[in-house]
Amino acid sequence: MRQQIINFNPGPAKLPAPVLQQVQAELLDYQGSGISVLEMSHRSDLFAQIAHRSEQRLRQLLGLDNGWAVLFLSGGASSQFSLSAMNLSALGFAEHIITGHWSQRAYLEATKVAPARIAASSEALAYSEIPAQADWQLDESSGYVHITSNETIHGVAYPKIPEIDLPLVADMSSDFLSKPIDIDRFGLIYAGAQKNAGPAGLTFVLIKRSLLEHAPKDLPAMFNYRLLADKNSMLNTPPVFNWYVAALVLDWIDSGGGLPMMEQAAIKRSSLLYSQIDSSGFYHNQIAKNFRSRINVAFSLQHQELENMFLQQAQAAGMTGLKGHRAIGGLRASLYNAMPFTELETLVEFMREFESKYG
Ligand SMILES: *Cc1c(COP(=O)(O)O)cnc(C)c1O
């Protein structure tokens with residue numbers, strides 16, 4: 001048993017309780033093998049089953065056919081800023097859409113290894129919306145377009161997937177598996193697991209096989225998506241334990257009704273929180289309504305002292321992880337798949353009481 005803490009951390013973030021319980025139950029002896037997954041060869045039959053089942057589960061959840069390769073890598077989403085650019089560089093210029101902290105980072109890292117430019121940016125609007133697609137300065141001869149589907153720090157997200165003719169590459173770290181997506185619109189998707197889909201240390205890369213062929217031949221093997229796909233992500237030792245935990249999370253998502261149910265729950269949670277914010281003059285959210293993230297809700301109070309008090313009292317009431325990112329300050333609640341609605345209700349109730357005391 002552990003203390004009942006409500007965890008709003010942005011990542012690493014809350015995992016489903018049944019997953020943690022299963023990990024605990026299986027930790028010392030995985031399925032009668034007498035050893036832990038922590039101690040298991042990635043070449044063993046038992047691990048091969050975990051790897052196979054998790055890939056099938058992910059394919060089923062997202063509707064990925066054999067035209068897609070699915071990679072389970074280490075290195076985090078940040079490594080994919082560079083690796084995606086290296087592997088796709090033969091396609092031509094990368095067009096980046098800058099919508100907040102992470103897309104900015106992805107662009108800066110991409111420019112170090114391949115030609116990239118900014119096709120649109122909402123920086124001048126303090127990232128309070130996504131630039132309208134009509135204003136994207138895309139060159140038809142460019143190679144691909146890179147977007148960040150949900151900006152974890154700024155709390156701004158694409159309300160719908162852009163329709164473009166160029167291959168679309170998306171960093172989906174913080175809204176991966178939070179809703180069904182039209183997979184055919186994308187060429188490559190990557191996501192760190194630690195926001196919505198598992199523990200830190202595992203990264204999902206989904207790539208259309210037709211794009212794999214473009215990887216330059218002289219890339220280091222560990223950076224080459226095609227080689228990694230040929231070896232089923234086992235060119236070297238993969239992060240076996242993280243992969244195993246993520247496999248359990250994928251099963252948990254499936255048994256909870258799959259991505260349509262995850263989306264419904266995300267809408268319900270975020271609607272309640274935004275309506276609480278909007279109905280008060282006390283809490284503020286600066287994102288244009290149509291572009292608000294359902295996953296990371298950034299909000300602020302009139303001054304920092306009040307925010308510090310909010311954080312202290314929330315902590316005392318059993319709620320953690322509500323501090324905004326150091327890059328922008330303020331407050332933030334991250335509402336990932338694993339969060340039950342009742343926990344969000346507890347936060348909203350706390351917000352009402354805090355406002356009635358200090359508003
Ligand atoms: C957290 C996050 C990252 C960085 O992930 P790491 O796994 O720490 O490299 C990148 N992009 C987005 C959208 C994120 O939320």
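This report describes the ligand site, the pockets and cavity, and two backbone features of a predicted model.

Residues are numbered from 1 along each chain as its sequence is written, and side-chain values use heavy atoms, with hydrogens and water left out. Because the model is predicted, local features need pLDDT of at least 70 and side-chain atom pairs count only at pLDDT 80 or more, while totals for chains, interfaces and linings use all residues.

**Ligand site**

The ligand has 13 residues around it, and those that come nearest are Ser 78, Thr 152, Asp 171, Gln 194 and Lys 195. A residue is taken as near the ligand if one of its heavy atoms lies within 4 Å of it. By class, this shell holds 3 nonpolar, 8 polar and 2 charged residues. In this scheme Ala, Val, Leu, Ile, Met, Phe, Trp, Tyr, Cys and Pro count as nonpolar, Asp, Glu, Lys and Arg as charged, and the others, Gly among them, as polar. Helix 3 (residues 76–88) supplies the largest share of the shell, 4 residues. Helices (H or I, at least four residues) and strands (E, at least two) are DSSP runs numbered from the N terminus.

Polar contacts are pairs of N or O atoms within 3.5 Å; within protein, one must be able to donate a hydrogen and the other to accept it, and residues adjacent in sequence count only if both atoms are side-chain atoms. Three contacts to the ligand are tabulated below.

| Protein partner | Ligand atom | Distance |
|---|---|---|
| Ala 77, polar backbone atom | oxygen | 3.1 Å |
| Ser 78, polar side-chain atom | oxygen | 2.6 Å |
| Asp 171, side-chain N or O atom | nitrogen | 2.6 Å |

Taken alone, the ligand exposes 390 Å², of which the protein buries 87%. Accessible areas come from the Shrake-Rupley method with a 1.4 Å probe; for residues, only the protein chains shown count as cover.

**Pockets and cavity**

The search runs on a 1 Å grid over the protein atoms alone: a cavity is a set of points where a 1.4 Å probe fits but cannot get out, a pocket is an open set with protein on both sides within 12 Å along at least five of seven lines, and lining residues have an atom within 4 Å of a point. Grid points are joined across faces, edges and corners, and a volume is the space filled by probe spheres set on the points.

The largest pocket holds about 770 Å³. Its lining comprises 28 residues, with Arg 2, Lys 14, Leu 15, Pro 16 and Ala 17 nearest the centre, and divides into 16 nonpolar, 8 polar and 4 charged. Strand 1 (6–7), helix 1 (17–26) and helix 8 (258–278) each contribute at least two lining residues. This pocket lies between domain 1 (18–255) and domain 2 (257–358), because both give residues to its lining. The domain bounds come from an automatic or database domain assignment.

The second largest pocket has a volume of about 480 Å³. Ala 157, Tyr 158, Pro 159, Lys 179 and Arg 294 are the closest to its centre among 28 lining residues, which divide into 14 nonpolar, 7 polar and 7 charged. Helix 8 gives the most to this lining, with 6 residues. Domain 1 and domain 2 both give residues to the lining of the second largest pocket, so it too lies between them.

The count comes to 1 cavity of 30 Å³ or more. The largest cavity holds about 50 Å³, and its lining includes Lys 14, Asn 196, Trp 252 and Tyr 336. The lining has 7 nonpolar, 3 polar and 1 charged residues and draws at least three from each of domain 1 and domain 2.

**Backbone features**

The peptide bond from Gly 11 to Pro 12 is cis, with omega near -5°; Pro 12 is found in the loop between strand 1 and helix 1. Ala 126, a residue other than glycine, has a positive phi near 55° and lies in the loop between strand 4 (116–121) and strand 5 (144–148).
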